[in-house]
Amino acid sequence: MQVKLNGEIREVPEGTTVAALLAQLGVKAQRVAVEVNEAVVTKDRYDAHALRGGDAVEIVAFVGGG
Amino acid sequence: MADTWSLGKHTFTSRLLVGTGKYESFPTMQRALIASGAEVVTVAVRRLDLSKTGAESLLEWIPKGMTLLPNTAACFTADEAIRTARLGRELEMGDLVKLEVIGDKRTLFPDVEGLVQAARVLVKEGFTVLPYTNDDPVTAKKLEDAGCAAVMPLGAPIGSGLGIRNPYNLRIIMETVKVPVLVDAGVGTASDAALAMELGAVAVLMNTAIAEAKEPVLMAEAMRDAVAAGRKALLAGRIPMKLHASASSPMTGLIGS
């Protein structure tokens, strides 16, 4: 299935969870925050939250700013 | 007694808050943060660059014990700012947010309508909201009424280094609201920071003035000293300005009189 990840279309296996997506990307879950369809997915739900085709996923982190 | 100040449930001693943007390198940033003596540092929330690993490493360079203040910089609508604030909270697991809703790309002046709107929503969600706002007392009052923990009027446009352009409005804001007033943005050099504190600001927030100085670490130290000096001068109470001289040495007992 396809999801929109940080603005780009990406193919992921059917039923991919947020936790699985982060693992696949090699991203440390502790250092990022995740939003699916404009709603935050809290860390305790990464394992349970399965993505659906067409989901808009945002993975963000802190960067330098004022 | 220690001269402390508070934001919601947080209490601080340092009255200088600093940003983490625009540094040439993380090591320089880290040394500048330490030299500034700041207890609060601002950070931005951005899409993770998935093309490179370690893109999320900023936090490793922020000294332990510093309180993170996530911002909503570059958000142009209340909705974007609200979403960004929620993501920032999820990243930081704290309640502080520097709320920015920008209305104009060239000046980065706030969209005060969107700002007040976003502030109301975030306050209801339990955030300690610190809004970056215009030097407008009416807006400052609306933000206070919305439940913001402080108001942060600009001294001048972000990154401009123009200093405190409207000291009178800042004073009126300080008279108008009961929440802490922090001057955020516009500081160019140490005297600007001292002036902000002499006017009665509870604290000063800056980024560019330090990060883009020729010697950021030395400038961070200068800002730390200037903020402390301005605060002490405010507490000490300056003399009134007079048009004519008032001699410091006795005018009597002169030889040959």
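**Exercise 1. In which sense do strand 5 of chain A and strand 4 of chain B pair, and over how many bridges?**

Solution. The model is a predicted one.
Step 1: Locate the two strands; strand 5 of chain A covers 56-64, and strand 4 of chain B covers residues 40-47.
Step 2: Read the pairing, which is antiparallel and runs over five bridges.
Step 3: Pick out one bridge, in which Phe62(A) has Val45(B) as its partner.

**Exercise 2. Describe the contact between chain A and chain B by residues and by buried area.**

Solution.
Step 1: Count the residues: 27 come from chain A and 28 from chain B.
Step 2: Take the area; the two chains bury about 2500 Å² between them, with 61% of it on carbon and sulfur atoms.
Step 3: On the chain A side, the residues that lose the most area to chain B are Arg31(A), Phe62(A) and Gly66(A), together 32% of what that side buries.

**Exercise 3. List the polar and charged links across the interface, then say what makes up the side of chain A that touches chain B.**

Solution.
Step 1: Count the salt bridges between chain A and chain B, which gives six.
Step 2: Look at one of them, where the side chains of Lys43(A) and Glu90(B) meet at 3.9 Å, N to O. This pair qualifies because the cut-off is within 4 Å.
Step 3: Count the residue pairs in polar contact across the interface, both at pLDDT 80 or more; there are 15.
Step 4: Find the elements that give two or more residues to this side of chain A: strand 3 (33-36), strand 4 (39-41) and strand 5 (56-64). The largest share, seven residues, comes from strand 5 of chain A.
Step 5: Sort this side of chain A by class, which yields 14 nonpolar, six polar and seven charged residues.

**Exercise 4. Is Thr84(B) buried or exposed?**

Solution.
Step 1: Place the residue; Thr84(B) lies in helix 2 (residues 78-92) of chain B.
Step 2: Thr84(B) counts as buried because its relative accessible area is 14%, and the limit is under 20%.
Step 3: List its contacts, leaving out residues up to four places away in sequence: Val45(B), Asn71(B), Thr72(B) and Cys75(B). Val45(B) is also the bridge partner of Phe62(A).

**Exercise 5. Classify Ala233(B) by accessible area and name its contacts.**

Solution.
Step 1: Ala233(B) belongs to helix 8 (residues 216-236) of chain B.
Step 2: With a relative accessible area of 33%, Ala233(B) is partly exposed.
Step 3: Beyond four places away in sequence, Ala233(B) touches Glu198(B) and Arg238(B).
Step 4: Ala222(B) is eleven residues from Ala233(B) along the chain, and their C-alpha atoms are separated by 16 Å.

Definitions and conventions
Residues are numbered from 1 along each chain as its sequence is written. Chains are lettered from A and ligands numbered from 1 in the order in which they are written. This is a predicted model: local features need pLDDT of at least 70, side-chain atom pairs count only at pLDDT 80 or more; totals for chains, interfaces and linings use all residues. Side-chain values use heavy atoms; hydrogens and water are left out. Contact means heavy atoms within 4.5 Å. Buried area is the accessible area (1.4 Å probe) that two parts lose on being put together, summed over both. A polar contact is a pair of N or O atoms within 3.5 Å; within protein, one must be able to donate a hydrogen and the other to accept it, and residues adjacent in sequence count only if both atoms are side-chain atoms. Helices (H or I, at least four residues) and strands (E, at least two) are DSSP runs, numbered from the N terminus. Ala, Val, Leu, Ile, Met, Phe, Trp, Tyr, Cys and Pro count as nonpolar, Asp, Glu, Lys and Arg as charged, and the others, Gly among them, as polar. Two strands pair if DSSP finds at least two bridges between them. Buried means under 20% relative accessible area, exposed over 50%, partly exposed in between (1.4 Å probe, protein chains only).
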